[in-house]
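Q: Please take a close look at one part of this model, the open sheet and the helices packed on it. What is the strand order, and what lies against the sheet?

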Amino acid sequence: MPANTTNDAAHGEAAAAPDAENTGTRDPAKASQAVPPAEAPRPVPLTAASRTAPPAAAPPTTPPTAPPTTPPTVPPAEAVAPLLRGIAVLRRLTEAGHDGTLSLSRLEKATGLARATVDRVTATLAHMGYVRLDGRDVTLAPRLTELGNAYLAALRLPDLLSARADALADELDESVSLAVGDRDGVRFIHQATRRRAMSLSFRIGDLLPAERTAPGPLFATEWTETDWRHWHDRRAADPQDRTFPAVPPRDRTPQGEGADDGGDDEGEDFKRRTAAAAADDCSLDDQLIEPGLVAVSAPVRDPGTGRVACVASVVSHTSRHTAEDLRTTLLPRLRSTVALMENDLRTAPPPQPGTPRSGLAAWTTASKHELGREFVESLARGLTVLTAFGEGRSALTLTEVAKATGLARATARRALITHEHAGLVRQNPDHTFTLTPRVLSLGFPPLSRTSLPQIAQHHLTALADRVHESAALAVLSDSGEEVQYTARASTSRVMSAHITLGTRLPAHATSPGRVLLALPEVRSRGYALIDEELEAGLRSLAVPVHDRTGRVVAAVNVAMHAARRTAADCVTEILPPLKEAAAHIEADLRVAGRFRKVPTT
């Protein structure tokens, strides 16, 4: 497995010099829902790329006592300015809150970009299916997780180890996480969270400062002198950890230039904890992030190199365990699970080759012709470069990236240079490119908590507007005898079907229920039609919603008054758009559910 601590260039989000795709306005109606070709399995990695990556991590060294001053980074001359702007917009939306929503005016202020530029960037992202535009608001959309999925698939660790983490969480009845190093931070790649009043709220993709976590010292045992300098610089520039939105800011103020010189109590404590982690091969978090939270961590080592591939942690609350109690009671069980994880890495078969997505370059060209100046083609092409990577394609040459995306080699090269500057791509000594954990900063944390009703709502609203009838999503209750309505969209009619969210009805008497019960007639024709059986004057048509494994997890229905359409009209007029809406929900669910279980309620 590849090492995961990244030593990339600085974030590089600042707006670059103006270029040809810097101005213009947008008609929101043209922000089409057309999206790039659907995701397909990806093939095995090949070889080579270009420059030299940072030196390999060395054994623990004595950290420097004073941080050097480093000038702010500027984009390379060949960086694609619109791509940097698009990355900045996605990062600001990711940091906006639990749902990844900002108004256009707030997005303009947060990024420092001109309003016309924000309009064109968001129009392009909406056309790609990465954001949704609702009036003056911009919201992250589930399809955006395909970028983070590319990193997680290339990494392979969630696929290989998440079942072990989930089993340990079930056994201990505590939250269990897997994390990788991201420069001087720690980024989560898997969470098995318990449902408690006091439980872990971190999400896949969240970034934490290394010194405030249990995994941090374990990653720091492999830091180079350069890594320690980055850490010193970051702490001096951000003493309150405000660049880490996943954690509460600390009450620590700088004391002038050079205040964080490595001699402060917290800095010395982190160095002591790093030395202890190197000696004990484990680490504790005793309420470092916030009062009450405690954790114990152990490294999962790459069987090929012996380096830390990821860190597994058990997280609890002081009402259940003290930090030392975690060490004595839960650490032995954690170590046993880690040993099984390392064996899984050792015995895992090579990833199966797949076929990269095709037609991306042609799609971006067609989109440019369709939308004109509103579509920033260089932004769209730059983001598609990230999707060239995946399972079996963790390291690609420039030529392979160009071939996988259908882009010209020069276009792919400039995109990779831009992504390297933004910290999303690393170049290796063997001339290959790999994705870094920072790809998860592009929308993954807020979207990793998206539920099926949230995924469906946008498509239900579009369906209701299209057919001028009420639409709803329903799931089967635990008893299997009732359906529960979890999302709905109504239409503006004097008389329309109105179902309150949470309503439960007998499954056999409803069209969603008959779909979910998989009755023989439903299986044969692919839909269920209820004709005034539940209530006089009510007709309802439903189709199934499948998850990425093909299992039926929900049903979408359209309900109407019988006077408006005959049963035959429902099949000819309502069924096609109903199936189309279900297909859109399934497409989003496949992407959003690639590395996590999407809650159905």
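The answer below starts with the sheet and then turns to other parts of the chain.

A: This is a predicted model. Start with the sheet. Six strands make up an open sheet, in the order β14-β13-β12-β17-β16-β15. The pairing is antiparallel. At the edges lie β14 (504-506) and β15 (528-531), each paired on one side only. From one strand to the next, the twist averages 30°.

Now one pair within the sheet. β16 (residues 538-546) and β17 (residues 552-561) run antiparallel and share nine bridges. Across this pair, A542 stands opposite N557 of β17.

Two helices pack on the sheet. Helix α15 (residues 452-467) touches β12 (470-476), β13 (482-489) and β17. The direction of α15 makes about 65° with that of β13. Helix α18 (residues 567-592) touches β15, β16 and β17. The direction of α18 makes about 30° with that of β16. Thus β17 is touched by α15 and also by α18.

Next, a helix elsewhere in the chain. Helix α7 (residues 225-237) has 13 residues. From first C-alpha to last, α7 reaches 18 Å, close to the 18 Å expected. Its buried residues are D227, W228, W231, H232, D233, R234 and R235. Their cover includes β6 (207-209), α6 (215-220) and α8 (265-280). Two of these buried residues, R234 and R235, belong to a salt-bridge network with D184, E211, R212 and D241.

Helix α8 has salt bridges of its own. K271 and E268 meet at 3.6 Å, N to O. Both lie in α8, three residues apart, about one turn of the helix. K271 counts as buried because its relative accessibility is 15%, under the 20% cut-off. E268 is partly exposed, at 29%. R272 bridges to D269, with the closest N and O atoms 4.0 Å apart. These two are also three residues apart in α8, about one helical turn. R272 is exposed at 53%, while D269 is partly exposed at 29%.

Another salt bridge joins D206 and R203, at 3.0 Å between the closest N and O atoms. Both ends are buried: D206 has 5% relative accessibility, and R203 has a relative accessible area of 17%. The whole structure holds 32 salt bridges.

Last, a buried serine. S313 sits in strand β9 (residues 308-317). Its relative accessible area is 2%. The side chains of S313 and S297 make a polar contact of 2.5 Å. Beyond its sequence neighbours up to four places away, S313 touches S175, V176, S177, P215, V296 and S297.

Definitions and conventions. Residues numbered from 1 in each chain as written. Predicted model: local features only at pLDDT ≥ 70, side-chain atom pairs only at ≥ 80, totals over all residues. Heavy atoms only, no water. Helix = DSSP H or I, 4+ residues; strand = E, 2+ residues; numbered from the N terminus. Expected span 1.5 Å × (residues − 1). Buried < 20%, exposed > 50% of the residue type's maximum accessible area, 1.4 Å probe, protein only. Contact = heavy atoms within 4.5 Å. Polar contact = N/O pair within 3.5 Å; in protein donor to acceptor, adjacent residues only side chain to side chain. Pairing = 2+ DSSP bridges. Axes fitted to C-alpha atoms, helices over the stretch in contact; angles between N-to-C directions. Salt bridge = Lys/Arg side-chain N within 4 Å of Asp/Glu carboxyl O.
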